[in-house]
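Please load the model in a viewer and keep a selection tool at hand. The tour proceeds by selection, and each stop states what is to be found there.

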Amino acid sequence: MTELIEKLYTSGDLTDSEFKILVESDKDSELLAEYADKVRRKYYGRKVFLRGLIEISSYCRNDCFYCGIRRSNRNAERYRLSREEILLCCENGYNLGFRTFVMQGGEDLYFTDDFMCSLISEVKRKYSDCAVTLSLGERSYESYRKMKEAGADRYLLRHETASPELYGKLHPSEMSIANRKECLFNLHELGYQVGAGFMVGVPFQTTEDIIRDLRFLQELRPHMIGIGPFVPHHNTPFADKKSGTLGLTLRLLGILRLMFPKVLLPATTALGTISPDGRERGLKTGCNVLMPNLSPVNVRKKYDLYDNKICTGEESAECVVCLQRRIESAGFEISCERGDIVL
């Protein structure tokens, strides 16, 4: 196993059969984390970039089988933030020192191109030293183009799985991985800093599926990669399924850091949900991004993607001192700069 980790560290790639061995093993995890940490420190030092997350809507037109805000969940508490509420979140975040705002939500048709372009332009006018990141799902090429011209810098669109067969088991028939991939390549073509990623331990996933994800990411060459463990939600068809494991998620984070040395790699909320020190362990395994919550406190529990999602306390943007303490205890330091990818 040591030889495979060292090969990946030096070359950034393995054969499919070698990836299978490395993914399925629980040996030499400390060595993998050590190499991943060494690589991230080479390009980013001890910096952990903070992104202010604004969850703008829990309405969604999609019906993904794993998601708590799927349109079929009649028990979901729906909300959408107004323009004024979103701008207030940005103001609060700016005053707290954040220089990236991430506007994330379900695929809510209320947020038209006109609405979003006007909002993005206003945010960029007020906070010209900040990056605007969007995570609003699949939209048309023209929609992406308009929002880019309005000033959007980045777009996060997790592909969830690159396997058409697995994708079909996780989504209704009207959704397709082909369209998902087309959106990601469109975003790349338009000049966005692009984020993709997949779920770890989702029902029906095989090691071969994970390897397809790694190969797709090599093809896409994203600027950001967001992976996290699958966590079930009680009001979905996958309510009785097991969560993805911390061990496999950390192993894949280490692999991704060695494959993509300069990528921006978040330690996700889901990682912190399945383990109290999950995000700290993610930072020690190559991650360099955290996304504290800037959303209004009264809606945080309503953005209910999966059960037990942490939504108050030290992961909130207001508790920067608490967050700083945890990051420093893990051996890193907060950076509130835009945190663009190292070129």
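Begin with helix 5 (residues 113-126) and select Lys126 and Glu122: these two residues are four apart in the helix, so about one helical turn separates them. Their side chains meet in a salt bridge, with an N to O distance of 3.8 Å. Colouring by accessibility sets the partners apart: Lys126 is partly exposed at 41% relative accessibility, whereas Glu122 is buried with a relative accessible area of 16%. The model under inspection is a predicted one.

**The sheet**

Next, select strands 2, 3, 4, 5, 6 and 8. These six strands form an open sheet in the order 2-3-4-5-6-8, and their pairing is parallel. Which strands lie at the edges? They are strand 2 (52-57) and strand 8 (224-225), each of which pairs on one side only.

Stay with strand 2. Although strand 2 is an edge strand, six of its six residues are buried. Five bridges join strand 2 to strand 3 (residues 100-105), and the two run parallel. To see one pairing in detail, select Ile54, which stands opposite Met103 in strand 3.

Move on to strand 4 (residues 131-135), which two bridges join to strand 5 (residues 154-156), again in parallel. Here Leu134 stands opposite Tyr155 of strand 5. Now add helix 8 (residues 177-189) to the selection: helix 8 lies across strand 5 and strand 6 (193-196). Relative to strand 6, helix 8 runs at about 160°.

**The nonpolar cores**

Select Met103 again, together with Met116 and Ile255. In the largest nonpolar core, which has 98 residues, these are the residues with the most contacts inside it. Helix 10 (residues 246-259) gives the most to this core, with eight residues. Apart from this core lies another of nine residues, including Val102, Leu156, Met224 and Leu264.

Centre the view on Met116. Leaving aside neighbours within four places in sequence, Met116 is in contact with Met103, Phe111, Leu134, Leu136, Arg139 and Met147.

**Arg139 and its surroundings**

From that list, select Arg139, which is found in the loop between strand 4 and helix 6 (141-150). Is Arg139 buried or exposed? With a relative accessibility of 17%, Arg139 counts as buried. Not counting residues up to four places away in sequence, Arg139 touches Phe111, Thr112, Asp113, Met116, Tyr144, Met147, Tyr155 and Cys183. For a distance check, pick the C-alpha atoms of Arg139 and Leu253: they are 28 Å apart in space, and the residues are 114 apart in sequence.

**Salt bridges across the chain**

The count of salt bridges in the model comes to 26. Two of the pairs merit separate stops.

Select Arg154 and Asp340, whose side chains meet in a salt bridge at 2.7 Å, N to O. Arg154 belongs to strand 5 and Asp340 to the segment after strand 11 (333-335), so this pair ties together parts that are 186 residues apart in sequence. Arg154 is buried, at 0% relative accessibility, while Asp340 is partly exposed, with a relative accessible area of 31%. Extend the selection to Lys124, Asp153 and Arg338 as well: together with Arg154 and Asp340 they are linked in a network of salt bridges.

Then select Arg215 and Asp13, whose side chains form a salt bridge of 2.9 Å, N to O. The pair links distant parts of the chain, 202 residues apart: Arg215 is in helix 9 (residues 207-220), and Asp13 is in the loop between helix 1 (2-11) and helix 2 (16-24). Both partners are partly exposed: Arg215 has a relative accessible area of 25%, and Asp13 is at 30% relative accessibility.

**A buried acid without a salt bridge**

For the last stop, remain in helix 9 and select Asp213, which is found there. What is the nearest side chain of opposite charge to Asp213, and how many Å away is it? It is that of Arg212, 7.6 Å away; Asp213 is buried yet has no salt bridge. A salt bridge requires the nitrogen and the carboxyl oxygen to be within 4 Å, so Arg212 at 7.6 Å does not form one with Asp213. To complete the view, show the residues that Asp213 touches, not counting those up to four places away in sequence: His159, Thr161, Ala162, Phe198 and Gln205.

How values were computed:
Residues are numbered from 1 along each chain as its sequence is written. This is a predicted model: local features need pLDDT of at least 70, side-chain atom pairs count only at pLDDT 80 or more; totals for chains, interfaces and linings use all residues. Side-chain values use heavy atoms; hydrogens and water are left out. Two strands pair if DSSP finds at least two bridges between them. Contact means heavy atoms within 4.5 Å. Axes are lines fitted to C-alpha atoms, for helices over the stretch in contact, and angles run from 0 to 180 degrees between N-to-C directions. Buried means under 20% relative accessible area, exposed over 50%, partly exposed in between (1.4 Å probe, protein chains only). A nonpolar core is a set of buried Ala, Val, Leu, Ile, Met, Phe, Trp, Tyr and Cys residues joined through side-chain atoms within 4.5 Å. Lys and Arg count as positive and Asp and Glu as negative; His and the chain ends are not counted.
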